[in-house]
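Please look through the sequence and the model that follow, and keep both at hand while reading. The paragraphs below move from one residue outwards to the whole assembly.

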Amino acid sequence: MRISELANPSRFVRAANLVMPWLSGAAAIVFAFALYRAMLAPDDYQQGATVKIMFLHVPSAWLGMLCWALMTVAALGTLVWCHPLADVTAKAAAPLGAAFTLLCLVTGSLWGRPEWGTYWVWDARLTSELILFLLYLGVIALWRTVEDPSRAARAVAILTLVGAIDLPIIKFSVDWWNTLHQGASVFRLGGSTIDPTILIPLLLMAAAFTLLFVTLLLAAMRNEILRRRVRTLRLLQASAAG
Amino acid sequence: MTPLSALLVRDMRIAIRVGGGALIGVLFFVVVVTLTPFAIGPDLALLKRIGPAILWLAALLASLLALDRLFASDHEDGSLDLILTGRAPLELVIAAKGLAHWLTTAVPLIVAAPLIGLLLNIEPPAQAGLVLTLLVGTPALTFIGIVGAAIAVTLRRGGLLLAIIVLPLTVPVLIFGVAAANAAVAGPAPFGTPFTVLCALTLASLVIGPFAAAAALRLDIE
């Protein structure tokens, strides 16, 4: 079977049903292994055990951003190619992106309390993550305002693309805004200076999160396709009765 | 008269006459700024320090007020369909409508800003810089908002949704607008850098706004 044949929603649902147990199983196994490795990772010499929040915090931040990138590709799929699954993907991805971004904010906040002495600072990274979260909520609100799914999809696609252009600008301006006030932020990892004992569990957690994301995305897309069928059937029923 | 200038004059007439939203925006701006000292206290030093921020925030909120009617009223009376079937390029039509909206809502606000600035203890010499930032920055707010207005044109309760989807996108304009205004009022940070970036943001939104709004309108009205 070719990949392009999956564009047919019925075939996609069948394929998703087929793949789902394997994917969720793989996600569970990788999660178990990654959590075990994260448990074995050494504590930070300053932060103690709280540094382990990082293993949840960093992957969720990555996925929160990856999800908008996926929505951007889906928006192009909706507007340029009118791909039947593109708007389903975009609709399924938005709450997942919001959830991962919220998870990132919550874990970051819980991590910040013992380390910085406060749940929230207006640090550049935190702030742009919060704005990303608000943008996700705006997209979800737009999905929930337009009744006709295909019209909602096109409106959301425009908003997603404008957001994709604006997000780097927001990131840049928030960085600029923050550094003007308090100098370079110290709350960041030193790039490749992370020790392998921490880096490997972190990458494993990222893989586990990605598997979880793909599983949830496929499940949400399948549900959305079925939900649309139910809607169409109800509309047909209503017009037949009237 | 070309179609675009005719549209510009028509939109401005509608905004200025009875039922238009031109003066509501500037009144809202004045009321919000007047209420702020009641919330934070009459400390003139504090008001001077956060004055530019208050003025910018009030301008940002005021720019949203009439935005939801920008295309919605044209959609209701059918003139949007005429515009869409007309020969003038939709992107330019939207730019003309945006210009009319800016002239009727933002310009009165910019004219009022120096007077309101006096209430916030901003001295007249510093006000030139503050007014300049508003003059350069408010077109960006209008042309980011115009995309939201085009997306929300056929929606019920579009106005509420508009604020939610547009406001996060205006963060860069707010940051650089307030930074430049603060530099003009309080110093010592340089005025040029944030002001130039603010100009760049406005120019970029002048390009992106009409194209995105035109795409949204074409998809919305079919």
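Leaving aside its neighbours within four places in sequence, which residues is B:Ala216 in contact with? In this predicted model, B:Ala216 is in contact with B:Val147, B:Ala150 and B:Ile151 of its own chain, and also with A:Ala155 and A:Ile158 of chain A.

Several of these names return when the nonpolar core is considered. The largest such core has 130 residues, and those with the most contacts inside it are A:Ala90, A:Ile158, B:Ala150 and B:Ala216. Helix α7 of chain B, residues 124-151, gives the largest share of this core, namely 13 residues.

The contact between the chains can be described from both sides, since 22 residues of chain A and 20 residues of chain B take part in it. On the side of chain A that touches chain B, α4 (124-143) and α5 (149-182) of chain A each supply at least two residues, and the largest share, 14 residues, comes from α5(A). By residue class, this side of chain A divides into 16 nonpolar, four polar and two charged residues.

Turning to chain B as a whole, one finds ten helices and zero strands, so that from the N terminus on every element in the run is α, as α-α-α-α-α-α-α-α-α-α shows. The C-alpha atoms of chain B fill a box of roughly 55 × 35 × 35 Å along the principal axes. A compact globule of 222 residues would have a radius of gyration near 17 Å, and the 18 Å found for chain B agrees with that. Buried residues make up 50% of the 222 residues in chain B, and among its contacts with a separation of 6 or more, 81% join residues that are 24 or more positions apart.

Two loop residues deserve a separate look for their backbone angles. A:Cys82, which lies in the loop between α2 (54-81) and α3 (86-116) of chain A, has a phi near 50°, a positive value in a residue other than glycine. A:Cys82 has 12 other C-beta atoms within 10 Å and is therefore exposed, as the limit for that class is 12 or fewer. In chain B, B:Asn121 sits in the loop between α6 (90-119) and α7, and B:Asn121 likewise has a positive phi, of about 65°, although it is not a glycine. Because B:Asn121 has 16 C-beta neighbours inside 10 Å, it counts as partly exposed.

Conventions. Residues numbered from 1 in each chain as written. Chains lettered and ligands numbered in written order. Predicted model: local features only at pLDDT ≥ 70, side-chain atom pairs only at ≥ 80, totals over all residues. Contact = placed C-beta atoms within 7 Å. Helix = DSSP H or I, 4+ residues; strand = E, 2+ residues; numbered from the N terminus. Nonpolar A, V, L, I, M, F, W, Y, C, P; charged D, E, K, R; others polar. Rg over C-alpha atoms; globule rule 2.2 N^0.38 Å. Buried ≥ 20, exposed ≤ 12 C-beta atoms within 10 Å, placed from the backbone. Core = buried A, V, L, I, M, F, W, Y, C linked by C-beta atoms within 7 Å.
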